[in-house]
Amino acid sequence: MLRRVLLAICALAVYCPLVVQSARLVDFQVAQPPPVPQDAKQCTVKVLERTFGFSFGSPEIVQFTPPTDCGPLGSWAGITLNFTVTSNGTQFDRLGIFTFQNVEIWRTSTPEPTRGDGIIWTYIKDVTKYIPLFAKPGTFILQLDNLLQTGLDGQYATELHATFFASSSEHPPASKADVIIPVTTLANDTGNDASVPPIFSLNVTVPRNAVQIYAELLASGNGNEEFWYFNAPNQFVANLPTFGDGPFREVRLLVDGRVAGVALPYAVIFTGGIVPTAWRPITSYGALDLPTYFVDLTPFVPVLTDGKPHNLSIDVVSAETDHAINQNWFVSGNLQVITDPSSKPTTGNITVYDVEPFAKTSTTGVVAPNGDTNFTVSATRSVHIESQFTSGSGKTSHVVFTQDLKYSNTQNYLNNNNIQLLHQTATGTFRSTLNGVTTLTDQFSFPLNINLTNLTPDGSSFVTTIDHSYDRASVPSPFILGTTIHNHQVAGGFFTIAPTGNSGNGTSNNTFSYVDLAGNTYDREVNSINTNIVFDHQGGSLAPKQQAHFPSFNTPFTVAKARLPGGKVVGH
């Protein structure tokens, strides 16, 4: 009756944030709004609509045709995807893979729903760098494998819209690659990511007049590799509640068996990970939009432009002597290519190749007489590749690509393994120059600190604190907007099992800032306690004109089981 009265009152109001979603939890990831020209002419097209119930092996596959009323195809100033999802019930988080023209253009995951009015989230993704793909019709695939069974009844009702921003004298066409080549499974009936191990390989033919090539890599741990950063070296794992093969992970891109570039992945924690109550309503950074990594393949232009297929491979390796990892990681990639105006082939040679097959690593540690275990895994990696080549139009170029990376992971297992402490750092600098002009940079720091403490011997009640940051200044290529992002999140909570279901509490404090080379800025400070937003401030040129409004909740939600390191699942 109360809701009917509120509806009647709000029907007379111009603006009523209370109604409709008053009891629906609004989930979100802290991130910048896309830097696209909001005052430009816009054309919005629905790409797909689908409720994912029991959807394992059943992706949504649609044929997408770009609009023609926002200028010539490919001339746009920007493109965004708006993904809105509602769900209620009990369900695990699920991975979502968006594939277009056989290129993975977005990797996301779902927040875990609640019962009653459930949850809703919207994420707007900037896909401007994929304009060459959207300039022609093609197959669009959303793979979101969901499972319905006893105790898991939540379904995900999804809508995806694409908005094209017309170019003009005020907003010129976005810079873009001439060609985008998928480094994927090339499947037409599912998402195009590959599962490793074993190593994923594909034969690729590059245009013979290519003069610049930038490779984008996507990689995320799954299954026994979801909490890869909590894995222990094989020499210490026997008595620990986790998996082996250690915590170090390096994503490698190889050309004809030679390492061409690497990435140290950011540790994305999904909303069912460790303590689910900490990620409501604010997810961890990257949970709705997983980061990608760019390396410069331009030094390999003299090799790749010979008109023959070349083998490109992606794998993920550890610091163990055999470099093995557990099952599994999902990986994919694409090549963004700039071609010369001449149709004649580019010719030249790689002049410097100073790259080891694997990073330099070390493992130290000790097991105390009382069973307490402490270890540290560290790694360093350097890449230095140079080449000189001449394009078909006669221009000679000298390219230098370097990477310098450092990694350290220290873990302590104390008090019969009831206390797990983790301190991890991953830092690095990428730089590429073409005739002395910088074309790619990436400077990053990904610190991660976790305290996981059991309150009961069986682990049915525990507390966790997670302090992690994503600090990155990146220019992925000359035609992709450079950005600097600082995100710091301190989240944690209590989780317990009770006859009435799993429950707990959670807090999340977030500080975020963004600036790009076009002068756009955005900052946000937002905190939550027990699913309620208690402070929220947004500023900068990209900030919305109105602050966000969130409903309030006085009773705790029942949540799904908690997934913990070592494959342990706690809860009913």
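**A walk through the loops, core and cavities**

Let us start at Asn328, which sits in the loop between strand E17 (310-317) and strand E18 (329-339). Strands (E, at least two residues), like helices (H or I, at least four), are DSSP runs numbered from the N terminus. Gln327 and Asn328 are joined by a cis peptide bond, with omega about 0°. Before going further, please keep in mind that this is a predicted model, in which local features need pLDDT of at least 70 and side-chain atom pairs count only at pLDDT 80 or more, while totals for chains, interfaces and linings use all residues. Residues are numbered from 1 along each chain as its sequence is written, and side-chain values use heavy atoms, with hydrogens and water left out.

A cis bond also runs from Pro197 to Pro198, with omega near 5°. Pro198 belongs to the loop between strand E11 (194-196) and strand E12 (200-204).

The loop between strand E29 (521-529) and strand E30 (532-539) is worth a visit for its backbone angles. Asn530 is found there, and its phi is positive, about 50°, although Asn530 is not a glycine. Thr531 lies in the loop between E29 and E30 as well, and has a positive phi near 70°. Is each of these residues buried or exposed, taking buried as under 20% relative accessible area, exposed as over 50% and partly exposed as in between (1.4 Å probe, protein chains only)? Asn530 has 39% relative accessibility, so it counts as partly exposed; Thr531, at 11%, counts as buried.

For a residue at the surface, turn to Thr150, which is exposed because its relative accessible area is 83%. Thr150 is placed in the loop between strand E8 (138-144) and strand E9 (156-165). Thr90 is 60 residues away from Thr150 along the chain, and their C-alpha atoms are 9.9 Å apart.

Now to the interior. In soluble globular proteins, nonpolar side chains tend to be buried together. A nonpolar core here is a set of buried Ala, Val, Leu, Ile, Met, Phe, Trp, Tyr and Cys residues joined through side-chain atoms within 4.5 Å. The largest one has 146 residues, and those with the most contacts inside it are Ile105, Phe134, Phe140, Tyr229, Leu297 and Leu335. Strand E13 (residues 210-221) gives the largest share of this core, seven residues. Leu335 makes a good viewpoint: setting aside neighbours within four places in sequence, its contacts (heavy atoms within 4.5 Å) include Val179, Ile213, Tyr214, Ala215, Leu297 and Leu312.

Aromatic rings come next. Rings of Phe, Tyr and Trp (its six-membered ring) pair if their centres lie within 6.5 Å; planes under 30 degrees apart count as stacked, over 60 as edge-to-face and the rest as tilted. The whole structure has 32 such pairs. Phe236 and Phe375 have ring centres 5.7 Å apart and planes at 15°, so this pair is stacked. Phe236 is in the loop between E13 and strand E14 (250-255) and Phe375 in strand E21 (residues 373-390), so the pair ties together parts that are 139 residues apart in sequence. Both Phe236 and Phe375 are buried. Tyr266 and Tyr285 form an edge-to-face pair, with 6.2 Å from centre to centre and 80° between the planes. Tyr266 counts as buried at 6% relative accessibility, and Tyr285 does at 8%. Ring pairs also link a cluster whose members include Trp76, Trp106, Tyr123, Phe134 and Phe140.

Tyr266 leads us on to the empty spaces. On a 1 Å grid over the protein atoms alone, a cavity is a set of points where a 1.4 Å probe fits but cannot get out, and a pocket is an open set with protein on both sides within 12 Å along at least five of seven lines; lining residues have an atom within 4 Å of a point. Grid points are joined across faces, edges and corners, and a volume is the space filled by probe spheres set on the points. There are six cavities of 30 Å³ or more, and the largest has a volume of about 100 Å³. Its lining has 14 residues, of which Ala219, Ser220, Gly221, Tyr266 and Val268 lie nearest the centre. E13 gives the most to this lining, with three residues.

The second largest pocket has a volume of about 1200 Å³. Its 42 lining residues have Pro35, Asp126, Ile480, Leu481 and Thr483 nearest the centre. Strands E7 (119-126), E26 (461-475) and E27 (483-498) each supply at least two of the lining residues.
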